[in-house]
Amino acid sequence: MKLSEKTVGILQNFSKINQNIMIKQGKKLKTMSIMKNILAEADINENFDKDFGIYDLNEFLTVLSLGNQAELDFSNDSHVTINGGKYKIKYYFSDPNVLVVPPEEFNAPECDVRFALSGSTIENIQKAASVMQLPDVIIAPDNGKITIKVTDVKNPTSNDYTETLDTYDGPDFNFHLKTENLKVIPGDYDISASSQLNISNWSGLLASYWIAMEADT
């Protein structure tokens, strides 16, 4: 088996959410943050024929990058053999008991708010948060449009970044997320959220994320 660039890119993104991963049999990848406030999943083209755990996903991806289009052999139950042509690497699986593993089933809540965010808007949010060291994102409707503010809610004199989006005619809401939790693959996203349960779903082309919102939402 060879991993496509798409799958490697998804794994690189998932490594930012959790350094370890439990890969299940089939064609879907899932991960969950250690704090259990981010749950991500993605469909892939590769079909894994067994469950296996990777303790250090960044290390595993770095090992894969040692050669171009390395062949992965999962015939052994204890490790994967990475064949790069002139070299072979034996990489052992992790004990599943030491990994943070997503639940087998996730009952998605009923969502009462829906809107879309472009990839450029999300990139602007992340850049502003990084440059000005701002920990909070506030999303709320204002005069028939959605406004996104990147700020520090604990600092009354905080610098902030504000962006106004397209027309919105849905129910009123005030969502508060931590910028450190916006670890999504670059791209456009359809957002649906439950204002009652303080959780939001970010559905993109390559992956879908459930991201917890703060209690003051």
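**Close-up 1. Four phenylalanines in one aromatic cluster.** Here we zoom in on Phe 48, Phe 52, Phe 74 and Phe 93, which come together as a single aromatic cluster. Keep in mind that this is a predicted model. Counting ring pairs with centres within 6.5 Å gives 12 aromatic pairs. Two things describe any such pair: how far apart the ring centres are and the angle between the planes.

**Close-up 2. Two domains and where they meet.** The chain splits into domain 1, covering 5-98, and domain 2, covering 113-212. Measure up the pair by their C-alpha centres and you get a separation of 30 Å. As for the contact itself, domain 1 puts in 12 residues and domain 2 puts in 11.

**Close-up 3. The stretch that UniProt annotates.** An unreviewed UniProt entry lists residues 116-215 as "domain: Sliding clamp C-terminal". Look along 116-215 and you'll find 43% strand and 14% helix. The C-alpha atoms at the two ends of this stretch sit 22 Å from each other.

**Close-up 4. The largest pocket, between the domains.** Now for some empty space, the kind that shows up when a water-sized probe is rolled over the atoms. The largest pocket holds about 270 Å³. Its lining runs to 18 residues, and those closest to the centre are Asn 13, Lys 16, Val 184, Ile 185 and Pro 186. Why does this pocket lie between the domains? Because domain 1 (5-98) and domain 2 (113-212) both contribute residues to the lining of the largest pocket.

**Close-up 5. Helices at the largest pocket.** Same pocket, but with the helices in focus. Helix H1 (5-17) and helix H3 (119-132) each bring at least two residues to the lining of the largest pocket. H1 is the top contributor to this lining, with seven residues. Sorted by class, the largest pocket's lining is a mix of seven nonpolar, six polar and five charged residues.

**Close-up 6. The second largest pocket.** This one comes in at about 220 Å³. Among the residues lining the second largest pocket are Leu 3, Ser 4, Glu 5 and Val 8, along with Leu 61, Leu 64, Gly 67, Asn 68 and Leu 72. Which elements give two or more residues to this lining? They are H1 and helix H2 (57-64). So H1 turns up again, having also supplied seven residues to the lining of the largest pocket. By class, the second largest pocket is lined by six nonpolar, five polar and one charged residues.

Terms used:
Residues numbered from 1 in each chain as written. Predicted model: local features only at pLDDT ≥ 70, side-chain atom pairs only at ≥ 80, totals over all residues. Heavy atoms only, no water. UniProt positions renumbered as here; feature names shortened; annotations may be inferred. Helix = DSSP H or I, 4+ residues; strand = E, 2+ residues; numbered from the N terminus. 1 Å grid on protein atoms, 1.4 Å probe; cavity = no way out; pocket = protein on both sides within 12 Å on 5 of 7 lines; lining within 4 Å. Points joined across faces, edges and corners; volume = space filled by probe spheres on them. Nonpolar A, V, L, I, M, F, W, Y, C, P; charged D, E, K, R; others polar. Domains from an automatic or database assignment. Phe/Tyr/Trp six-rings, centres within 6.5 Å; stacked < 30°, edge-to-face > 60°. Contact = heavy atoms within 4.5 Å.
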